[in-house]
Structure formats: structure tokens, C-alpha cells
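This report looks at charged side chains that pair up, and at how open those residues are to the surroundings.

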Amino acid sequence: MELDGRVVVVTGGTRGVGAGIARSFLEAGAHVVVCARRPPPQPVSAAGNTAGRTAEFAALDLRDTAAVHAFFAGVGHRYGRLDCLVNNAGGTPYRLLGEGGAERHARVVGLNLVAPMTASLAAYPQLREAHGSVVMIGSVSGTRPSPGTAAYGAAKAGLENLARTMAVEWAPEVRVNTLVLGMVRTEAAHLHYGDEAGIAAVGATVPLGRLAEPADVGAAAVFLASGRAGYVSGASLLVHGGGERPAFLDAATVNTVNKES
């Protein structure tokens, strides 16, 4: 298989997008370690022809620098190598800027920007030895206004810039890229978009007509970690189904007049 024998760490890989990424790497033949503060309700496992391959779970708080370094040392001891780190862990509650103090917003930045940097620095010696890669999981929130999640958007913007700088400083031994995600249908999609009708309505606003599935993100991550992307570094790959239709196209009266005529 494409990544047969490679070793991959996926942070926050126990559910949602992270679990989808972990499954894709398992199905590509990699040994996968997922880490999070709490274990998944059931092991993250591959499907299809690779059914039965399961990711190893390790409990880890990415905000604990000493624990992060100990974790990556343990991965190296167990597997003897590390080929790819996927910095997926992150997230934020909905909170307008004026509804929380700077300290609360700073915690969001810590989880979404500082923690990936901490993990990358801890993994770097092993990645360098393996000529491996880092895949950052970014967001369109870092490329446009992000009302209600301002600190998250700012952190994701910083993460993309961090990846580009890492790609320069760590070349040629380690490649670093970012997947810039749009909306993804996970088990928590209803919390953001409502019932099935709401999810379908939101999906209809995407040019490709649906939300991404976690497997879509996983396939892109596998590509960036593989030899097929051997000359891709410092890149930001948009995985957003074509983006968002500009609101002014629907608001402009000239479009309405032209359609009616």
C-alpha cells in the first residue's frame, strides 16, 4: 500500500475529522497513533479491504509540553521512526469577542496554534531522520472574518504562516503543508447546522453541493504525506468544495433583472 510501514501521529484523532484522517492513513497501510485527552468510545479502525487495522491510542494533553515530548519519545521507542505528524487537534466554542476576557480567547489560541507548534518541535528530530512531513489542519476561518470565533480564526491564520516558515527552516529534510478546510460533516454537524434539513441546506451553499466528509480530508492528508507530494512543501491545499458563493451575487438586483428578462 502507498504508506505501508510508515508511522503517523494524528493529534485529536479519536473523533470527527481526526478519526477520518486516521482511518485514511490506516487504509493506506500506515501504523497510526492517535492522541487526545480522552479515549474514543471505540477504537479507530480501517474499513473496506483493510478492515481490522486499528490505530493505537495514547492519552495526551497537548498543552503539557513535558508530556508532549515524552509522548513522541515513546513513539520513537515503540516504532523506531516517525514519518508524519498531522496536527489536527483544536476547536473553539462560539463566543463573541466582547463576551470573554483576553485570557479565555488566549486559551483558544494556545490550543489551535501553540499546541501544534509544541507537537511539531517535539516530533522534529524523528521527522528529520525519516525525511518525513507535517500536515497542519487549518481552516477557512483563518482566511476570512470569523465572527463568534475570532481567536480561532486568528490562530488558524497564524498556523498557516507557521507552516510556511517551518517549510523553509526545516527543508530539505522535512516537508510542511496545510490543509485549509471548509465545512465538514462529522458526528457534531447538527450542533453547528441543525437537523438533516439544515445540514442539507448548508451543504447546498457549497459549489460542490455538500459538506466534506472526514474521508475527503483524510485522502488529502494521505496525499501530502506520500511520495506523490514529494515536491510539495509550504503549500496550503484548499479542501472546501469550491469555497463560498459571494453574497453580493445573490444581493445584486442586476442579476435578478437579467434572469427575469
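Arg228 is exposed in this predicted model, because its relative accessible area of 67% is over the 50% cut-off. Its partner, Glu2, has a relative accessibility of 37% and counts as partly exposed. The two side chains form a salt bridge, with 2.9 Å from N to O. This pair links distant parts of the chain: Arg228 sits in the loop between helix 7 (214–225) and strand 7 (236–239), while Glu2 belongs to the segment before strand 1 (7–11), and their positions lie 226 residues apart in the numbering.

How many salt bridges does a search of the whole structure find? The search finds 9. Three of them are listed here.

| Salt bridge | N to O distance |
|---|---|
| Arg228 and Glu2 | 2.9 Å |
| Arg63 and Asp61 | 3.1 Å |
| Glu244 and Arg144 | 3.2 Å |

In the pair of Arg63 and Asp61, Asp61 is partly exposed, at a relative accessible area of 29%.

Glu244 and Arg144 also meet through their side chains. Glu244 is in the loop between strand 7 and helix 8 (247–251), and Arg144 is in the loop between strand 5 (133–139) and helix 4 (150–169), so this salt bridge ties together parts that are 100 residues apart in sequence. Is Glu244 exposed or buried? Glu244 is exposed, with a relative accessible area of 52%. Arg144, at 33% relative accessibility, counts as partly exposed.

Key:
Residues numbered from 1 in each chain as written. Predicted model: local features only at pLDDT ≥ 70, side-chain atom pairs only at ≥ 80, totals over all residues. Heavy atoms only, no water. Salt bridge = Lys/Arg side-chain N within 4 Å of Asp/Glu carboxyl O. Helix = DSSP H or I, 4+ residues; strand = E, 2+ residues; numbered from the N terminus. Buried < 20%, exposed > 50% of the residue type's maximum accessible area, 1.4 Å probe, protein only.
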